[in-house]
Amino acid sequence: MAADLNTTTEDVSIRLRAALASSPPPAALAALADIPLLLAEAHRLSATARLARMELANLRAAARATLAAHHDGEADPLAYLRDELDATEAGR
């Protein structure tokens, strides 16, 4: 998704410069001014979603390791899950 957002940002910059050179009406200028802010928000949301997906994957792996450790009779099978939760809360 990041590559698509970067391409979009470049395309918008080119079109924005062309639109500004053509003396658009004030309402159009106001709308165009919002585009960079919207793209920045899209980048932020993309990064947030990527982090959330990674955290979920790590928690699922820890849960699976916990279940396998319990099945194998390990002394502290919840250690895997505790470690992952601690790492997630500490922000890695």
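# Chatting about a three-helix chain

Reader: Hi! Let's start with H2: which residues are buried there?
Author: Hello! The buried residues in H2 are Leu32, Leu39, Ser46, Ala62, Thr66 and Ala69. Keep in mind that this is a predicted model.

Reader: Good to know. How confident is the prediction, in terms of average pLDDT?
Author: The average pLDDT of the chain is 88, and 91% of the residues score at least 70.

Reader: And which elements have the lowest and the highest mean pLDDT?
Author: H1 has the lowest, with a mean of 74, while helix H3, residues 79-89, has the highest, at 95.

Reader: Let me step back a bit. How many helices and strands are in the chain?
Author: The chain has 3 helices and 0 strands. Read from the N terminus, the order of elements is α-α-α.

Reader: Where does H2 sit, and what is its span from end to end?
Author: H2 covers residues 26-71. Its end C-alpha atoms are 68 Å apart, which agrees with the 68 Å that 46 residues should span at 1.5 Å a residue.

Reader: What about the whole chain, what box does it fill?
Author: Taken along the principal axes, the C-alpha atoms fill a box of roughly 75 × 20 × 15 Å. The radius of gyration tells you something too: the chain has 23 Å, but a compact globule of 92 residues would have a value near 12 Å.

Reader: What share of the residues is buried, then?
Author: Of the 92 residues, 12% count as buried. The accessible surface of the chain comes to about 6,900 Å², and carbon and sulfur atoms account for 64% of that.

Reader: Back to Thr66 for a second. Why does Thr66 count as buried?
Author: Its relative accessible area is 8%, and the cut-off for buried is under 20%.

Reader: Which residues does Thr66 touch?
Author: Leaving out residues up to four places away in sequence, Thr66 touches Pro77, Leu78, Tyr80 and Leu81. Thr66 itself lies in H2, and Tyr80 and Leu81 fall within the range of H3, residues 79-89.

Reader: Cool. How about Ile35, buried or exposed?
Author: In between! Ile35 counts as partly exposed because its relative accessibility is 27%. Ile35 is also in H2. The C-alpha atom of Ile35 is 35 Å from that of Ala90, and these two residues are 55 apart along the chain.

Reader: New topic: how many salt bridges does the structure hold?
Author: The structure holds 2 salt bridges. Arg44 pairs with Glu41, with their closest N and O atoms 2.6 Å apart. Arg82 pairs with Asp76, and there the closest N and O atoms are 2.4 Å apart.

Reader: Why can side chains pair like that?
Author: Side chains of opposite charge can pair when their charged atoms come close.

Reader: Where do Arg44 and Glu41 lie?
Author: Both lie in helix H2, 3 residues apart, which is about one turn of the helix. As a general rule, an α-helix has 3.6 residues a turn, so residues three or four places apart point the same way.

Reader: How accessible are the residues in those salt bridges?
Author: Arg44 is partly exposed at 44% relative accessibility, and Glu41 is partly exposed at 34%. For the other pair, Arg82 is partly exposed at 40% and Asp76 at 38%.

Reader: Now the loops. What is the phi of Ser23?
Author: Phi of Ser23 is near 55°, a positive value in a residue other than glycine. Most residues other than glycine have a negative phi. Ser23 sits in the loop between H1, residues 2-21, and H2, and Ser23 counts as exposed, with 63% relative accessibility.

Reader: And which residue with a positive phi follows H2?
Author: That is Gly73, with phi near 80°.

Reader: Last one: where is Ala75, and is Ala75 buried or exposed?
Author: Ala75 lies in the loop between H2 and H3. Ala75 is exposed, with a relative accessible area of 85%. The C-alpha atoms of Ala75 and Leu29 are 66 Å apart in space, with their positions 46 residues apart in sequence numbering.

How values were computed. Residues are numbered from 1 along each chain as its sequence is written. Side-chain values use heavy atoms; hydrogens and water are left out. Helices (H or I, at least four residues) and strands (E, at least two) are DSSP runs, numbered from the N terminus. Buried means under 20% relative accessible area, exposed over 50%, partly exposed in between (1.4 Å probe, protein chains only). A salt bridge is a side-chain nitrogen of Lys or Arg within 4 Å of a carboxyl oxygen of Asp or Glu. The expected span of a helix is 1.5 Å times one less than its number of residues. Contact means heavy atoms within 4.5 Å. The radius of gyration is taken over C-alpha atoms; the globule rule is 2.2 Å times the number of residues to the power 0.38. Accessible areas come from the Shrake-Rupley method with a 1.4 Å probe; for residues, only the protein chains shown count as cover. pLDDT is the predictor's confidence in each residue, from 0 to 100.
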